[in-house]
Amino acid sequence: MADVAARPTRTLGALLTATRGNGRLHWTDVFTYIYLALGVALMFGPVVWLVLSSFKTQAGLQEFPPTLLPLGQISVEVEGYDEPLPLFEVTFEDGTVRQMAQVRRVGIMAQMVDPDNPGERIQVSINDREPIREMRVAWENYTKPLETFNFLTYLNNSVIVTAAATLITLLINSMAAYGLAIYEFRGRNAVMLFVIGTLMIPITIILVPTYLVVTQLGMVNTLWAVIIPGCATPTGVFLLRQYMLTIPRDLIEAARMDKASEWQIYWRIVLPLSLPAIAVLAIFSVMWRWNDFLWPLIVLNRSEVYTLQIGLNAFQGELNVQWHFVLAMTVVALIPVTVVFAFLQRFITTGIASSGMK
């Protein structure tokens, strides 16, 4: 059991320390590791910055230059002032350094007082002072929206929309792909070309006619208005159809000789064999539905049916944007997609490679 548990660690260690040969570091090894490190930084750097910034206060997000860690300026209670004053380290002309609190700032000059002797105000250039900071994790960025913001309702709506739309998408696209891959009929290639050709149509062109159809069906301000319109996707039909073409036809014919119905062939043979491609389409569908903003913004006008992405827009006002809440709730919104991707990621390579997508 110990060998089995240690095997992944040894494999990962061997991968991270692999060289071109003979145990010596070749220049290609150095280039490869630099290239991979750069790729990891470009891919995960913004995510790390997002997560760390979600723990900063509103004032901490507006500081320049920005800091990676969630640091907050220390404030002190000063006699004679109702609110705590920010604390700075001030360097005077004679080289002495003192900790002083800022009363107010006017242009490039700041009025400072000694917290121990607040009776005298001193004019200091803002270039001669540095804020005194400490590590301060703003947990309220996560707890306060959950208390005052209708987050759970929006989260529930997003889960319903994503789950229902994904299931319907998998069913419709797999049935269309089954017909285009298994059946042989005149015009099959033309139909497939037509399906692929719809990828060329920008989404903005079909917004108005789709909205008119949804309005005529009376689905405005309902979750069905978000679920139904995007269920049939040309990308999903193409991906599943290309994968189903790799299924041996002898298997299909043998099932027909055993008097299996077309539904049984589709449900019990083709779908189980197409699970890698279906998993890839499921990941795509979850990402599409979960992150969709424009279409729900158009068809949903009541807050009780808002999805999470529309709900996050509530933190943006005309004159002020509560970025600390936006970042925190964005991190929470990323968790479900990350979990789905982590669970199904092993199917991505197999599904895309077998379907012929580039």
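Begin by selecting S125, which has its place in strand β6, the run of residues 117-125. As you do so, keep in mind that what is on the screen is a predicted model. S125 counts as buried because its relative accessible area is 18%, and the limit for that class is under 20%. If you display its surroundings and set aside residues up to four places away in sequence, you will find S125 touching I108 and M109.

Now zoom out to take in the whole protein, which has 16 helices and eight strands. Of its 358 residues, 35% count as buried. Among the contacts in the protein with a separation of 6 or more, 65% are accounted for by residues 24 or more positions apart.

Next, select helix α5, residues 151-182, together with helix α12, residues 275-291. These two helices pack at an angle of about 140°, and their axes are 9 Å apart, in a crossing that is right-handed. To see the residues that meet, show the side chains of L155, S158, V159, T162, A165, T166, T169, L170 and N173 on the α5 side, and those of I278, L281, A282, S285, V286, R289 and W290 on the α12 side. Sorted by class, this contact of α5 with α12 is made up of nine nonpolar, six polar and one charged residues.

Stay in helix α5 and centre the view on T162, which lies in this helix. Is T162 buried or exposed? With a relative accessible area of 7%, T162 is buried. Its side chain reaches the backbone oxygen of S158 at 2.8 Å, and, leaving aside neighbours within four places in sequence, T162 is in contact with V286, R289 and W290, three residues that also appear on the α12 side of the helix pair.

From here, move to helix α6, residues 188-197, and colour R188, M192 and V195, which are buried. These residues lie on the same side of α6, because they cover an arc of only 60° around the axis. Turn to the other side of α6 and you will find N189, L193 and F194, which are exposed. What do the buried residues of α6 pack against? Their partners are α5, which you have already visited, and α9, residues 234-244.

The following stop is a second pair of helices, α10, residues 249-257, and α11, residues 262-273. They pack at an angle of about 145°, with their axes 10 Å apart, and α10 passes α11 in a right-handed crossing. On the α10 side select L251, I252, A255 and R256, and on the α11 side E262, I265, I269, V270 and L273, since these are the residues that meet. The contact of α10 with α11 divides into seven nonpolar, no polar and two charged residues.

In the loop between these two helices, select K259. Its phi is near 65°, a positive value in a residue other than glycine, and at 77% relative accessibility K259 counts as exposed. Then jump to N221, in the loop between α7, residues 207-216, and α8, residues 224-227. N221 likewise has a positive phi, of about 65°, although it is not a glycine, but N221 is buried, with a relative accessible area of 14%.

Continue to Y306, in the loop between α13, residues 294-299, and α14, residues 308-312. Y306 is partly exposed, with a relative accessible area of 21%. If its neighbours within four places in sequence are left aside, Y306 is in contact with Y154, N157, L300, N301 and G311. A distance label drawn from the C-alpha of Y306 to that of F151 should read 9.9 Å, although the two residues are 155 residues apart in sequence.

The last stop is E83, which lies in the loop between β2, residues 75-76, and β3, residues 85-91. E83 is exposed, with a relative accessible area of 58%. Draw one more label, from the C-alpha atom of E83 to that of V103: the two residues are 20 residues apart along the chain, and these atoms are separated by 10.0 Å.

Technical notes
Residues are numbered from 1 along each chain as its sequence is written. This is a predicted model: local features need pLDDT of at least 70, side-chain atom pairs count only at pLDDT 80 or more; totals for chains, interfaces and linings use all residues. Side-chain values use heavy atoms; hydrogens and water are left out. Buried means under 20% relative accessible area, exposed over 50%, partly exposed in between (1.4 Å probe, protein chains only). Helices (H or I, at least four residues) and strands (E, at least two) are DSSP runs, numbered from the N terminus. The arc is that of the directions from the helix axis to the C-beta atoms. Contact means heavy atoms within 4.5 Å. Axes are lines fitted to C-alpha atoms, for helices over the stretch in contact, and angles run from 0 to 180 degrees between N-to-C directions. A crossing is left-handed if the near helix is turned anticlockwise from the far one by less than a right angle, and right-handed if clockwise. Ala, Val, Leu, Ile, Met, Phe, Trp, Tyr, Cys and Pro count as nonpolar, Asp, Glu, Lys and Arg as charged, and the others, Gly among them, as polar. A polar contact is a pair of N or O atoms within 3.5 Å; within protein, one must be able to donate a hydrogen and the other to accept it, and residues adjacent in sequence count only if both atoms are side-chain atoms.
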